[in-house]
Amino acid sequence: MSSIIGPASFEFFGIFPAAILSFILPVVGVGLFAYIMARRLAPLVRAAPDFRMDHIGRRIQKLIVIWLGQIRQPRYMLAGVLHIVIFAGFLILSIRSVSLVIIGLSDGFVMPGFGGWLGVVYNILKDYAATFVLIACIIAGIRRGVFKPARYAVPEKYGKDHTAEAVFVLGIIATLMISESLFEASELAYALQETGDAHFVAPLTLVWIFKHMLSGASFEFLQGLHIFSYFLHDVTFFFFLCFLPLGKHFHVITSLFNVFFMRLDKGKIKPVRHGVTAEQLDDLESFGVKKLEDFTWKHMLDFYSCADCGRCSDQCPANAVGRPLSPRFITIKARDLMFKNYPLSGEIYKSSMLVEDIYTEDEIWSCTTCGACEEECPLAIEYIDKMVDLRRGMVDEGMVPQSLQKPLKALEKRGNPYGKMEKKRADWALEKDFKTAYTIKNLAKDAADTLYFVDSITSYDDNIQEIARHTAVILQHAGVDFGILGKAEKDSGHEVLRFGEEMLYQDLKEQNTRAILDTGVKQIVTADPHAYNALKNDYNGLPPVRHISQVVAEKILNGALSLKPCLDPDKVYVYHDPCYLGRHNGVYEDPRQALDAIDGLTRVELEKSRDRSFCCGGGGLMLFYEPEEDTRMGVLRVNMAAEAGANVIVTACPFCLVNIQDAIKVAGKEGEMAALDFTELIARHLR
Amino acid sequence: MEILVCVKRVPDTAENEFELNSAGNDLDRDDLVYSVNEWDNYAVEEAIQIVDNAGGSVTVVTVGDDESEEVLRREMAMGANNGVLLSDEAFEGSDGKGIAAILKAEIEKGKYDLILTGAQADEGAGQVGGMLAAMLDYPYASLVNKIEVVDDATIKVGREIEGGNQEMNEIQLPCVLSIQTGINEPRYVGIRGIRKVASVDIPIKGAGDLGIDAATVGDAGAKTKRVDYFVPDLGDGAEMLEGSTDEIIEKLIEKLKAKGGL
């Protein structure tokens, strides 16, 4: 090897051993880091419980796919690829960074096992990693600093711009890459000049470039550069470590845990308090999240983990229509509050009512729980459960807008949000033409093996009752022996739960569960994805539940149903994925297969489809809420369908139908565009 | 400030489809759901807000049968501190004056600075507040849409005047006010709130407890009696369109077209 002096043996001005510095830096760095982390953990210790140690196998799988595999990153291609490069580089270089710290104490230290061929391979790998990370940092820096993509902008009401922090950190990372490479290049250049010993260096890496650049430098310069770059790396490394927990780069540390402890089951809502059963709810002093410490520790970890990438808000339909909600700032405002109330030193402050302090009522009511934000977040941060918890807190304090109080009261008294009479729940079956051709069994009197769960909107809304009749026609054609609950059916309570009125939801759930189990049916079918999700994911102990599109797809496949060629072959159809069928339950293909089984039907795809579907405006109680907004979600959706070249929007949800029908009128596209429910399209094409 | 709010249990207009009974002298009440009279709910919210700022307590009182206890609990779940149910067979069939007389007897047993009623209830007479004030010899303001507490002896009350103008009056305590909807945004009361006050004791007082002569209230004392209750016959030029919403709309468009309205 060369005779360049390494940092462990070097003496500043010939007297002061550099090794002392190499010793002090890690001790101080790690000590400070441990202190900061301890302070950061303080709020999590005081937080509400959250049971996340279950299903370890599935958690490890999520960790491999979402954290290690970065599967969600390329959904935003350029930013995603840059992140993957930097992330992979960090993983590879972590070994080098640790050995560099020890090299400061012991010259030429090599990690155990890295002495032989593994070390050679690793060296090549890490040299390319550092090079690519630097390139990625430069591109990212230009992107953030010069082109400034719109999704990073911080609206004035949410505080200051975050670009400076982002660019600063890119600078730190670049410094680490350059100093690490210079440290090595200076040693190699020294050796080359002294002994002519040309070590292999991976071509076109930073080390390779620096080595060539330094080929004519003096021994003195190379020696100085070697020591300087070592300590530049060491100082930057420990500075960065301690800087991470102070802002959005905390995710470098927390992401591993955040993904491991992520929510596994879609479509479900967390219990009011983990460890408290429905029967024990009456004993709770307070409901939901009112103060910071009412969040669970996992939800706090979410706040720490946000990388401020803005993808949630970019996908959020509420944000898109100008409602006062941006999921990104739900997180960032909470993190700012955590940093403020739990400072790095000194006393911990008491938090006040969050809705008033950092959030507004309208902000929390604006969410349709469509789940687009959660689907997108590369760190698996949750939003729906937080919204529901905040709403539970607001309901408990009586903070419910008048527009929602009426339907909630009607649900309490009549079991439907319209305040219609219970005995009229099955009136949809009494329509003249329908009644003469079909008789619907009432399971209170007759037996059947399938229950058709209709739910409130389809039972009572004049227009939407068509869905009930079409569903019944399809089931009958498919040879399904089914009946309904009639007046024993109550609203599924899907939105009652999601709007935070837990006790009313429990009441509806209990009544429906009892009514369903009393009938002894073997399976349940519904045409309402919200009811589907409620019965499948919110309720428990019920027979299997299927959406009508799943039944249709299956019956077409086994030949029980056959469809006529397309009656309107000139039309262009597009299928709009309802949030609670698609994103929350993964039913994407069945409705499409059924549509494609109609011969001669032209079907196009929306750019935002499947798990990136754009919410139509929300269902259940959301129909009653009067939000502040610039435009309707449905209008944006109708425009998207028009851009895709479609003139018939097929939905598979009564609420989507209502919202999109209204939106077509608002958008002034009556006559050009039409909305059609899946059941109507199928019923019309039954052979 | 000690505030008493008079409330009433009424059929809920939002959650019922009203039909006349077979005798034709009242609603068919078999399938009705009841709730607190909407105006009274605003009055209770206002009382709670005043007490939150100025201290004191809110008592809700109603004249009715056992089932009326439900509305008292709902208002207590909202934040009213006490409830009193005035119930007696002798009270049945009271007219407005009878109700006012019963309330007056209860009010005189306590010491209230402010008495609130809703501007009107299900029968639309809007008479109890005014009569109550007269019987108590208290000052009275009706259709109040704004209250500002000045001091222990005075408050300012507002009222909306025809054309959207606002009037403010100073009024001496104790006084009676009838409250208009829109004065505030009443808070939500969920099932959980009602369960929390489910076991709170609500005293029931009858004619004897209040020192009322049974002959002066109820059917016996009523000087106004309802003699008929009906849906008015369609007059000339009025027509009810029937059918589903779509059919009604279609018929309406046809008619408008026929008359040159479209």
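## Exercises on a predicted two-chain model

In strand 9 of chain B, B:Ile171 is the bridge partner of B:Ile155. The exercises below concern a predicted model, for which the scores are ipTM 0.86 and pTM 0.93.

### Exercise 1. The hairpin of chain B

Task: Determine in which sense strand 8 and strand 9 of chain B pair, and what lies between them.

Solution. Begin with the pairing: strand 8 (residues 154–161) and strand 9 (residues 165–172) of chain B run in the antiparallel sense and are joined over eight bridges. One of the facing pairs is B:Ile155 with B:Ile171, the latter belonging to strand 9 of chain B. Next consider the connection, where three residues separate the two strands of chain B and complete a hairpin. In that turn, B:Gly163 has a positive phi of about 90 degrees. As for confidence, the mean pLDDT of chain B is 91, with 99% of its residues at 70 or more.

### Exercise 2. The two chains in outline

Task: Describe chain A and chain B by their secondary structure, their extent and the share of their residues that count as buried.

Solution. Take chain A to begin with: its secondary structure consists of 28 helices and eleven strands, and its C-alpha trace spans about 105 × 60 × 45 Å along the principal axes. Of its 687 residues, 48% count as buried. Among contacts in chain A with a separation of 6 or more, 78% are between residues 24 or more positions apart.

Then turn to chain B, which has eight helices and eleven strands and whose C-alpha atoms fill a box of roughly 65 × 45 × 40 Å along the principal axes. Chain B has 262 residues, of which 38% count as buried. For contacts in chain B between residues at least 6 apart in sequence, 70% join residues at least 24 apart.

### Exercise 3. Where the chains meet

Task: Find which elements of chain A give two or more residues to the side that touches chain B, and state how the residues of that side divide by character.

Solution. Start from the contact itself, in which 22 residues of chain A meet 18 residues of chain B. The elements of chain A that give two or more residues to this side are helix 16 (384–396), helix 17 (402–414) and helix 22 (502–519). Of these, helix 17 of chain A supplies the largest share, eight residues. By character, the chain A side divides into eight nonpolar, four polar and ten charged residues.

### Exercise 4. An open sheet in chain A

Task: Establish the strand order of the five-stranded open sheet in chain A, and describe how helix 23 of chain A is placed with respect to its strands.

Solution. The order of the strands in chain A is 3-5-4-6-7, and the pairing is parallel. Strand 3 (441–442) and strand 7 (545–547) of chain A are the edge strands, since each pairs on one side only. Moving inward from strand 7, three bridges join it to strand 6 (residues 523–526) of chain A, and A:Ile524 stands opposite A:Val545 of strand 7. Finally, helix 23 (residues 529–538) of chain A lies across strand 4 (450–453), strand 6 and strand 7, and runs at about 160 degrees to strand 7 of chain A.

### Exercise 5. Domains 2 and 4 of chain A

Task: Work out how many residues domain 2 and domain 4 of chain A each bring to their contact.

Solution. The domain assignment divides chain A into domain 1 (55–246), domain 2 (290–396), domain 3 (414–557) and domain 4 (572–684). The C-alpha centres of domain 2 and domain 4 of chain A lie 29 Å apart, and the contact takes 15 residues from domain 2 and 19 residues from domain 4. On the domain 2 side, helix 11 (317–320), helix 14 (361–365) and helix 15 (372–376) of chain A each give two or more residues. That side divides into seven nonpolar, five polar and three charged residues.

### Exercise 6. Burial of a helix and of a residue

Task: Decide why helix 9 of chain A is described as largely enclosed, and whether A:Asn123 is buried or partly exposed.

Solution. Helix 9 (residues 297–305) of chain A has eight of its nine residues buried, so it is largely enclosed by the rest of the structure. Among the buried residues are A:Lys298, A:Asp302 and A:Phe303. The buried residues of helix 9 pack against helix 1 (18–46), helix 8 (251–260), helix 12 (327–341) and helix 16 of chain A.

A:Asn123, in contrast, lies in helix 4 (residues 117–147) of chain A. Burial requires 20 or more other C-beta atoms within 10 Å; A:Asn123 has 19 and is therefore partly exposed.

Methods
Residues are numbered from 1 along each chain as its sequence is written. Chains are lettered from A and ligands numbered from 1 in the order in which they are written. This is a predicted model: local features need pLDDT of at least 70, side-chain atom pairs count only at pLDDT 80 or more; totals for chains, interfaces and linings use all residues. Two residues are in contact if their C-beta atoms, placed from the backbone, lie within 7 Å. Helices (H or I, at least four residues) and strands (E, at least two) are DSSP runs, numbered from the N terminus. Ala, Val, Leu, Ile, Met, Phe, Trp, Tyr, Cys and Pro count as nonpolar, Asp, Glu, Lys and Arg as charged, and the others, Gly among them, as polar. Two strands pair if DSSP finds at least two bridges between them. Axes are lines fitted to C-alpha atoms, for helices over the stretch in contact, and angles run from 0 to 180 degrees between N-to-C directions. A residue is buried if 20 or more other C-beta atoms lie within 10 Å of its own, exposed if 12 or fewer, and partly exposed in between; C-beta atoms are placed from the backbone. Domain bounds come from an automatic or database domain assignment. pLDDT is the predictor's confidence in each residue, from 0 to 100.
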